[in-house]
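Biologist: Please take a close look at one part, the largest nonpolar core, and set it in the context of the chain around it. A first-year student will read the reply, so please explain each step in full.

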Amino acid sequence: MKIPCYDCNTETELQVGFEVVNFVCPNCQSLYTRDKEGSFRRTSQYRTEINDFPLSIGDVGFLNGSEYKVTGILVKNVHPDYRWTEFILQNHENEFIYLSLSQGHWILLTEMEEVFHVKDHPLVLEHNNEDYDIFEYSDVKIINAQGFFDFELPQKNVIHLVEYIRPPYMISIERMNGVETAFYGKYIKKNEIKKAFKNIVLPYQFGVNVVQPYRFDVRNTAVIFCFIALMIITANWFIYKDQFEQNVFSKSIKFAEFDNREIISDAFILKGGSAPLTIKVSTDVDNSWANLNIALVNEETNDEIYANKDIEYYHGYSDGESWIEGNNYEEFNICGVKAGKYHLLITPMKAPEDINNSEMRINVVWNEPSNRNVWLVIISMIVIFLVIRFFKYNFEKERWSESSYSRYN
């Protein structure tokens, strides 16, 4: 079909599979209406500066498994100044879909056969056994248009609109020219639009759309975290259920015999899962220091793990106050010791001037019961979940900020 505009001398040609009732020139927005003889006569003109659209009349894209072309564009406005753009598309089977664009966000809508009774604006609408919450009802005015339309564009009358949402889905019900039509919509990501229309320049996306899904499914995230926590607890219990605390070395060492001399322990065999080797050391230091150097030697691989600890204890009286620094007892770990055959190389030391300290007591234990790592992971997941919940709350608060039915006021 080719329709000339007598106002700007522009011809618009497009093959459409419907009877055109109204035509709006894409160049000057002059509105033409078909008369009884089938001719198009200019009746009015949309006077708005909003004329920069990412899609044009005749653009072709591949959506919902079919090739569609843009046949019409509408710009709708709700008082005082909230507006969005709707693109009407048709495929070769003469089926229509609708793309709604607002603040860079896209919703794909299709017409529904189902009839809803929303005259009294019920708070909840049921569809396919699922509840949709009312978002808003409003009077909408078309402030700009382009292309070919199989219906009469209202000039004086407004469109009554009621929207129900269940993100990422929505049901939009319009009453226009006395006819009520329901549309089922779904939020569509901008990369899908980019894929459908190869040369499109997408507008900047900002804010939260009425049916934009949150990045995380909070309920599924909670279920996944609970499942992971259960797996960790179960695995920890299974690995260590037959494992018992094993004292591998316990001895009081005389400094008179072994000061700064290496002691080799008896060999010992560790069986089970990896566990920390806990070294407890005490000595009678008094205003002095001592030191323990210990090496864990794997007799099968000759790998060595070293650890070193100072034991310091000082006290005194100065400026009218008593003070204490350090302790004569220390405890430290060699972490993640695997099963195998080992021995220890132990070297005790003390300050040369310390003549009162005579011995160092050392106790080495493998697999002292500890669920520290398990609880660290579980606590981390709880913190992450609470952060996700916090941002979800603010996301929903922003979504409903444009609604008269917000639960976040």
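Modeller: A residue is called buried when its relative accessible area is under 20%, exposed when this value is over 50%, and partly exposed in between. The model under discussion is a predicted one. By that criterion, 43% of the 409 residues of the chain count as buried.

The overall form of the chain should be described before its core. The chain contains four helices and 25 strands. Its radius of gyration is 39 Å, whereas the globule rule gives 22 Å for 409 residues; the value is well over the rule, so the chain is more spread out than a compact globule. The span of the C-alpha trace along the principal axes, about 120 × 60 × 40 Å, describes this form in another way. Contacts between residues distant in sequence are also present: of the contacts with a separation of 6 or more, 65% join residues that are 24 or more positions apart. The surface that the chain exposes amounts to about 24,000 Å², and carbon and sulfur atoms supply 50% of it. As for charge, there are 57 negative and 39 positive side chains, and the centres of these two sets lie 6 Å apart.

We may now turn to the core itself. The largest nonpolar core has 33 residues, and those that touch the most other members are Leu63, Phe87, Leu99, Trp106, Phe148 and Phe197. Several elements each give two or more residues to this core: strands S1 (2-5), S7 (66-78), S8 (82-91), S9 (96-102), S10 (105-111) and S12 (130-149), together with helix H1 (190-196). Among these elements, S7 supplies the largest share, namely four residues.

Phe148 serves as an example of how one member of the core is surrounded. When neighbours within four places in sequence are left aside, the residues in contact with Phe148 include Met1, Ile3, Thr12, Leu14, Val16 and Phe18. Further along the chain, Ile57, Thr71 and Gly72 are also among the contacts of Phe148. Apart from this core lies another, of 28 residues, including Phe249, Leu270, Leu296 and Val337.

The loops that join some of the core strands deserve attention as well. Most residues other than glycine have a negative phi, and most peptide bonds are trans. Against that background, the loop between S7 and S8 holds Pro80, and the peptide bond that joins His79 to Pro80 is cis, with omega about 5 degrees. A second cis peptide bond joins Pro167 and Pro168, with omega about 10 degrees; Pro168 is situated in the loop between strand S13 (159-166) and strand S14 (169-176).

Two further loops contain residues with a positive phi. His121, in the loop between S10 and S11, has a phi near 55 degrees, although it is not glycine. Asn128, in the loop between S11 and S12, likewise has a positive phi, near 55 degrees. Their surroundings can be read from the accessible areas: His121 has a relative accessibility of 17%, under the 20% limit, and therefore counts as buried. Asn128, by contrast, has a relative accessible area of 62% and is exposed.

Strand S11, residues 124-127, includes Val124. Its relative accessible area of 42% falls between the two limits, so Val124 is partly exposed. Beyond its neighbours within four places in sequence, Val124 is in contact with Asp131, Tyr132, Asp133 and Tyr164. The position of Val124 also illustrates the extent of the chain, since a distance of 77 Å separates its C-alpha atom from that of Val285, 161 residues away along the chain.

Finally, two residues elsewhere in the chain may be set beside this part. Ile233, in helix H2 (residues 218-240), is partly exposed at 41% relative accessible area. Its contacts, neighbours within four places in sequence aside, are Val374 and Ile378. Glu262 is placed in the loop between helix H3 (255-258) and strand S17 (263-264), and its relative accessible area of 52% makes it exposed. Leaving out its neighbours within four places in sequence, Glu262 is in contact with Leu345, Ile346 and Thr347. The C-alpha atoms of Glu262 and Leu344 are 9.8 Å apart, while 82 residues separate the two along the chain.

Terms used
Residues numbered from 1 in each chain as written. Predicted model: local features only at pLDDT ≥ 70, side-chain atom pairs only at ≥ 80, totals over all residues. Heavy atoms only, no water. Rg over C-alpha atoms; globule rule 2.2 N^0.38 Å. Buried < 20%, exposed > 50% of the residue type's maximum accessible area, 1.4 Å probe, protein only. Contact = heavy atoms within 4.5 Å. Areas by Shrake-Rupley, 256 points an atom, 1.4 Å probe, with all protein chains shown as cover. Lys, Arg positive; Asp, Glu negative; His and termini not counted. Charge placed at Lys NZ, Arg CZ, Asp CG, Glu CD. Core = buried A, V, L, I, M, F, W, Y, C linked by side-chain atoms within 4.5 Å.
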